[in-house]
Amino acid sequence: MRRLYLAAGLISTGLGAIGAFLPLLPTVPFLLLAAFCFARSNPEWERKILDHPVWGPQVIAWRERRAISRRAKVVAVVTLLIGVGFTWATLGHPWVWISVTVTVVVGSWISTRAE
């Protein structure tokens, strides 16, 4: 079981690293999953995520208070809106309504989290 957690942690870390450079792929949710998996397979790597100067505080804030910083909320909602615009420009009607629905649901959830 430990190997499965380790593999999932490594995959999640890789996806989180990719997400740091691609605007539509989130970083912190993958790092949350990686920290969860590493806590069960390699606590030293979990500590590295928690001690990271950029991502660590966000992971810790979520773990302790289920909180998302205001800046992260704004970035997330703006990214969702850009996705709606992209969907409208490339796929148009009726597909844009799927994107709008996701944006309303996910954006509302993100906006209501503690800061």
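**Exercise 1. Which helix gives the most to the lining of the second largest pocket?**

Before you start, keep in mind that this is a predicted model.

*Step 1.* Get a feel for the site: the second largest pocket has a volume of about 200 Å³. Its lining is made of 13 residues, and Thr13, Leu31, Ile49, His52 and Trp55 are the closest to its centre.

*Step 2.* List the candidates. Helix 1 (2–19), helix 2 and helix 3 (43–51) each supply at least two residues of this lining.

*Step 3.* Pick the winner: helix 1 gives the most, with four residues.

*Step 4.* Round it off with the chemistry. The lining of the second largest pocket holds eight nonpolar, four polar and one charged residues.

**Exercise 2. Describe the largest pocket, from its volume to the make-up of its lining.**

*Step 1.* Start with the space inside, which comes to about 1,000 Å³.

*Step 2.* Now look at the middle. Pro26, Thr27, Pro29, Ala72 and Ala76 are the closest to the centre, out of 36 lining residues.

*Step 3.* Sort the lining by element. Two or more residues come from each of helix 2 (28–41), helix 4 (56–65), helix 5 (70–90) and helix 6. Helix 5 has the largest share, at nine residues.

*Step 4.* Sort the lining by class, and you get 24 nonpolar, nine polar and three charged residues.

**Exercise 3. Is Val102 buried, partly exposed or exposed, and which surface patch does Val102 help to make?**

*Step 1.* Place the residue: Val102 sits in helix 6.

*Step 2.* Check the relative accessible area, which is 41% for Val102. Buried would need a value under 20% and exposed one over 50%, so Val102 counts as partly exposed.

*Step 3.* Look for its partners on the surface. Val102 joins Leu91, Trp95, Ile98, Val105 and Val106 in a nonpolar patch of about 570 Å².

**Exercise 4. Where does Ser108 lie, and how far apart are the C-alpha atoms of Ser108 and Val77?**

*Step 1.* Find the element: Ser108 belongs to helix 6, which covers residues 96–111.

*Step 2.* Work out the exposure class. Ser108 has a relative accessible area of 40%, so this serine is partly exposed.

*Step 3.* Go across to Val77, 31 residues away along the chain. In space, 8.9 Å separates the C-alpha atoms of Ser108 and Val77.

Methods: Residues numbered from 1 in each chain as written. Predicted model: local features only at pLDDT ≥ 70, side-chain atom pairs only at ≥ 80, totals over all residues. Heavy atoms only, no water. Buried < 20%, exposed > 50% of the residue type's maximum accessible area, 1.4 Å probe, protein only. Patch = residues over 30% accessible without salt bridge, like charges linked within 9 Å, V, L, I, M, F, W, Y side chains within 5 Å. Areas by Shrake-Rupley, 256 points an atom, 1.4 Å probe, with all protein chains shown as cover. Salt bridge = Lys/Arg side-chain N within 4 Å of Asp/Glu carboxyl O. 1 Å grid on protein atoms, 1.4 Å probe; cavity = no way out; pocket = protein on both sides within 12 Å on 5 of 7 lines; lining within 4 Å. Points joined across faces, edges and corners; volume = space filled by probe spheres on them. Nonpolar A, V, L, I, M, F, W, Y, C, P; charged D, E, K, R; others polar.
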